[in-house]
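Trainee: I have a model to read and a list of terms to learn. Can we go through the terms one by one?

Mentor: Yes. Ask what makes each label fit.

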Amino acid sequence: MSEKSLKKNSLYNIIYSVANILFPLITSIYVARVLFTDGIGRVAYGQNIASYFLILASLGLPTYGVREIAKVRGSREGTNKVFSALFVINSCSTTIASVAYIVLVLSVLKFRSDHTLFLCCGLQIIMNYFNIDWFYQGQEEYRYITIRSILVKLLCFLAVLIFVREIEDYVIYAFISSLAITLNNVFNIIHVRKFVKLEFKKLELKRHFTPLLVLALSVFLSSAYSKIDVTMLGSMTTDTATGLYNNAHKIVEVIITVCTAVSAVFLPRLSYYYEHDREEFGELIEKGIKVLSFITFPICIGLFVLAPQMMKILYGNSFVPGSLTVRIFAVLIIIKSFGNLLCYQLIVATGNEKKRLPAYLAAAILNIIFNAFLIPGMHQNGAAIASVISEFVVNTIQLFAISKIIHISVPGKSMFQGIITTAIMGAVVFVISQWNINFYVQTIGAVVVGAIVYFALNIVIKNEMALMGFNMIKTKIRRIK
């Protein structure tokens with residue numbers, strides 16, 4: 001595909017990825033003032049428990065499916081065969097996960113006492129039968145999934161505004177949140193008939209089992225360190241601490257989603273180039289590093305400085321105590337964004353999924369240990385520290401492993417430019433944040449002036465990404481004229 005197509009896919013994927021996480025963020029801005037920290041904490045804990053079973057239901061398909069569909073994209077027969085095999089496997093794993101979740105909810109007293117909440121959160125597990133986003137991503141049909149996602153999220157956001165009006169409506173909020181995901185799956189299965197046909201002959205299911213199980217184990221271990229925080233917080237502390245942690249994490253997660261979405265569309269292309277063109281493979285990696293250096297450094301520092309303002313604006317005064325949690329999480333913007341490209345995507349694209357297991361196992365163990373020691377005394381902040389440490393460990397181990405397989409060319413000049421201009425921008429934002437003026441004027445001014453200073457500095461020192469963005473803006477203006 002052309003470079004222009006890659007840019008469009010990147011844009012669509014940014015919008016799609018952000019829509020998937022922006023819905024919980026935007027609605028949480030509203031419901032935080034309706035359900036408060038306790039209600040948010042209850043829903044977050046219910047969604048957290050359901051997420052483990054959703055991982056079991058997915059069985060690594062969100063990643064494996066993209067790669068396998070991308071490999072056979074030019075063949076209708078091959079696409080039908082791979083899709084059918086993966087659809088059957090997904091149906092089996094979803095059935096097992098759904099039954100297991102229902103049994104858990106009805107058996108454990110803590111879950112059974114609020115079973116309506118947990119069943120609403122578990123709706124997305126059952127509807128995973130129709131979760132085939134991996135097919136559209138493998139086909140690079142980002143335009144369709146973006147438009148579909150936005151429409152569904154908009155409908156569900158309106159539903160939240162209409163039906164969630166008081167603190168007792170936390171179950172309704174949980175149901176609508178699940179509905180935002182399940183409706184996507186329904187539209188997917190209806191629309192997919194235009195691209196593929198289910199076939200049940202000679203599916204070769206066995207050849208998919210090993211890589212799927214490896215990926216599933218990797219994802220589960222990954223979740224053990226990325227989700228265990230909320231699980232342990234909900235069990236060891238209060239709903240308030242869980243609510244503060246959850247909303248602080250949402251802010252950072254939205255930003256990380258935007259940053260990783262820029263390079264997430266590289267996966268199908270990296271898988272193809274690794275097999276057919278190693279030179280293009282290396283150039284694509286280097287381009288990804290340049291882009292991430294340009295956008296992640298300033299966002300990380302900007303969020304760190306303005307964390308209290310962001311919590312107050314988004315969620316209200318009752319969530320301001322979570323500002324330190326946001327600052328702890330801010331470093332994940334850099335760690336997870338680069339880790340997604342240099343560790344996750346490269347390991348998957350080169351077919352070395354097994355090398356992820358030691359990293360995730362080590363991170364999971366460390367996370368549980370650090371959580372056990374830090375949560376009792378530091379609550380949500382302790383959980384955030386444990387999460388950052390675990391994320392750093394998992395990416396360091398994976399980067400060491402992948403560096404033995406392929407050479408990664410690091411554009412030192414671009415990274416150095418990003419660090420220097422970010423430091424200057426950070427100082428400017430900090431000074432403005434200390435001015436004794438209207439709170440909203442101060443915050444907006446800090447963001448706008450900081451962005452202008454950063455972009456201008458990079459234009460002056462001729463940063464490649466800044467010049468590219470500047471030229472794109474000039475081109476758009478000329479077209480309008």
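Mentor: This is a predicted model. Start with H208, which is buried, with a relative accessible area of 1%.

Trainee: Why is H208 called buried?

Mentor: Buried means under 20% relative accessible area. H208 has 1%, so the label fits. Its place is in helix α10, residues 206-226.

Trainee: What makes the pair of H208 and Y64 a polar contact?

Mentor: The cut-off is 3.5 Å between N or O atoms. The side chains of H208 and Y64 are 2.7 Å apart, so they qualify. Y64 is also among the residues in contact with H208 once neighbours within four places in sequence are left aside; others include E68, A85 and L203.

Trainee: Now the charged pairs. How many salt bridges does a search of the whole structure find?

Mentor: Five.

Trainee: How do you know that R42 and D239 form a salt bridge?

Mentor: The limit is 4 Å, from a side-chain nitrogen of Lys or Arg to a carboxyl oxygen of Asp or Glu. R42 and D239 meet at 3.8 Å, N to O, so the name is earned.

Trainee: Why say that this pair ties parts together?

Mentor: R42 lies in helix α1 (residues 3-58) and D239 in helix α12 (residues 239-264). The pair therefore joins parts that are 197 residues apart in sequence.

Trainee: Why are R42 and D239 called partly exposed?

Mentor: The label covers values between 20% and 50%. R42 has 37% relative accessibility. D239 has 29%. Both therefore count as partly exposed.

Trainee: What makes R148 and D133 a salt bridge?

Mentor: Their side chains meet at 2.8 Å, N to O. The limit is 4 Å, so the pair passes. R148 lies in helix α8 and D133 in helix α7, so parts 15 residues apart in sequence are tied together. Both R148 and D133 are buried.

Trainee: Where do E286 and K290 lie?

Mentor: Both are in helix α14, residues 278-305. They are four residues apart, about one turn of the helix. Their side chains meet in a salt bridge of 3.8 Å, N to O.

Trainee: Why do E286 and K290 get separate labels, partly exposed and buried?

Mentor: The cut-off for buried is under 20%. K290 has 15%, so K290 is buried. E286 has 25%, so E286 is partly exposed.

Trainee: Which residues are linked with E286 in a network of salt bridges?

Mentor: K290 and E464.

Methods
Residues are numbered from 1 along each chain as its sequence is written. This is a predicted model: local features need pLDDT of at least 70, side-chain atom pairs count only at pLDDT 80 or more; totals for chains, interfaces and linings use all residues. Side-chain values use heavy atoms; hydrogens and water are left out. Helices (H or I, at least four residues) and strands (E, at least two) are DSSP runs, numbered from the N terminus. Buried means under 20% relative accessible area, exposed over 50%, partly exposed in between (1.4 Å probe, protein chains only). A polar contact is a pair of N or O atoms within 3.5 Å; within protein, one must be able to donate a hydrogen and the other to accept it, and residues adjacent in sequence count only if both atoms are side-chain atoms. Contact means heavy atoms within 4.5 Å.
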